[in-house]
Amino acid sequence: MVSFHINLLPGKQHITVVEIIHLLPYSLKLSAKFMKLRSCWLIFTLIGLSLTSCSQQKSSQEIAETVNKSLVLIYYANQGGHGTGFIVPGKKGVCTVLTAGHVVKGYSLKLQTYQDKQGHTTDSIQTSPTYDLAVVTFKSAGESCPYPSVNFGDSNELKVGHKIYISGFPVLQNEDLAPEFLEGSVSRINVVLTEGYGINYIAGVSVGISGAPVLDASGKVVAVHGLLKNEVPRGIPIKTYLANQSWENQLIKIDYTKLEQLLAAGKWKEADKETTQKILEVTSQEKGWLQTENIENFFCPDLQAMDRLWVKYSDGRFGFSVQKRIYQSLGGTKEYDGKVMAAFGAAIGWKNKGVAGWLNYDQLTFNTNAPKAHLPVEIGITHGYGVGHIGYGYGEGNWANLLLSCRDL
């Protein structure tokens, strides 16, 4: 009698019927009754194990069908072009879309969910000051977002050579904005990260795919597709988004699209008023001026975001950080000093040199011929000491406290 021992180890369970048939000639040496019972047991057992193993893995078609239900087309209200985003778990009452930061910066956005082709109005835009990542939300009809969110994978498990998939909206000539599902492989894992980019891969990506989900072989999102570098596709590992629950601490809370548009157009006075409005918005105030408690709880990434825009569009002439450096160079601290503040006001053109009074708001210069650090200015108006007169902030010393409270400004 010939005895066969079949060892079914983890990862070795997929045995085809052909392999079972190969065993049959040897089994003929067994008694007919024993062979019949033994063969039936083996066939049903092995086929059952094979089907179980197959059910645990998804085909590329299944992955595409699943992820496409979570895709969001991000396009621009006043110009051509678009990007890709995808639904992720988020707060109640809104749908949360993860995308690349460069997809949303400086644009007035419109959203369309691919699953039902519905348009949505942007509720908030939050961009990371460190990484090329952004989160966009839109209102949900109920507490839970009706669109399925993606499942996150472990980007730390990615190795060179691993298969990946990308699904996003390419720019096509015929305006057919159906998602394109691409297959590729990891070509490099980066150690030194710039803007969060940690994965390079080989895939035939095109314009419009930016912000798309990068998925592993099991269909879980492991990265956000971003900008190419030297024609090489790159992604930001999903661990960067999830790390230490610090994502919201790195994001700005308010949409600064309008502020950027005003600054880009050189509308300095309008941009100044918009800046004040945004500062009040960050502190959840509709009107009024900043109080000490507002300063202490002010969200620094928002101040940094506004400062970057002022510095960028004035070629380094205006901005909170420019004001801060001059103020500190004159010996300014959080403690109010009338002499220091007077010297500072004269240095940046908020008051005439040798004149006791501060200028009225309408006497200021709203163009690039103004003294360095002249703008933004309305945040420096002392409402408590006469509306329209430049002084030392919303309440005594609060302007200086605002600037000095953010170390990275």
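**Notebook: rings, cores and a pocket**

I began with the aromatic rings and noted that ring pairs link Trp268, Trp310 and Phe318 into a cluster. I record here that the model I am reading is predicted.

**Entry 1: aromatic pairs**

I looked up how many aromatic pairs the structure holds, and the count is 10. I then examined Trp268 and Phe318: their ring centres lie 5.5 Å apart and their planes meet at 80°, so I entered the pair as edge-to-face, for which the planes must be over 60 degrees apart. I also noted where the two residues sit: Trp268 belongs to helix α8, while Phe318 lies in the loop between α10 and α11. They are 50 residues apart, and the pair thus links distant parts of the chain.

Are these two residues buried or exposed? The cut-off for buried is under 20% relative accessible area. Trp268 has a relative accessibility of 7%, so I listed Trp268 as buried. Phe318 has a relative accessible area of 0%, and therefore Phe318 is buried too.

**Entry 2: nonpolar cores**

I turned next to the largest nonpolar core, which has 39 residues. Within this core, the residues that touch the most other members are Tyr256, Leu259, Trp310, Tyr327 and Trp399. I listed the elements that give two or more residues to this core: α7 (257-264), α8 (268-282), α10 (300-313), α11 (320-329), α12 (338-347) and α13 (398-405). Which element gives the most? I found that α10 does, with six residues.

I followed Tyr327 further and left out residues up to four places away in sequence. Among the residues that Tyr327 touches are Val340, Met341, Phe344, Trp399 and Leu404. The list also includes Gly332, Thr333, Glu335 and Ala400.

I then noted a second, separate core of 19 residues. Its members include Val67, Leu73, Val150 and Leu215.

**Entry 3: the largest pocket**

I looked up the largest pocket and wrote down a volume of about 360 Å³. This pocket is lined by 20 residues, of which Lys105, Thr127, Glu260, Arg308 and Leu309 are the closest to its centre. Three elements each give two or more residues to the lining: β6 (122-127), α7 and α10. I asked which element supplies the largest share of this lining. I found that α10 does so, with four residues.

Finally, I sorted the lining by residue type and obtained nine nonpolar, five polar and six charged residues.

**Closing note**

I marked α10 for a second reading, as α10 gives the most to the largest nonpolar core and also the largest share of the lining of the largest pocket.

Definitions and conventions
Residues numbered from 1 in each chain as written. Predicted model: local features only at pLDDT ≥ 70, side-chain atom pairs only at ≥ 80, totals over all residues. Heavy atoms only, no water. Core = buried A, V, L, I, M, F, W, Y, C linked by side-chain atoms within 4.5 Å. Buried < 20%, exposed > 50% of the residue type's maximum accessible area, 1.4 Å probe, protein only. Contact = heavy atoms within 4.5 Å. 1 Å grid on protein atoms, 1.4 Å probe; cavity = no way out; pocket = protein on both sides within 12 Å on 5 of 7 lines; lining within 4 Å. Points joined across faces, edges and corners; volume = space filled by probe spheres on them. Nonpolar A, V, L, I, M, F, W, Y, C, P; charged D, E, K, R; others polar. Phe/Tyr/Trp six-rings, centres within 6.5 Å; stacked < 30°, edge-to-face > 60°.
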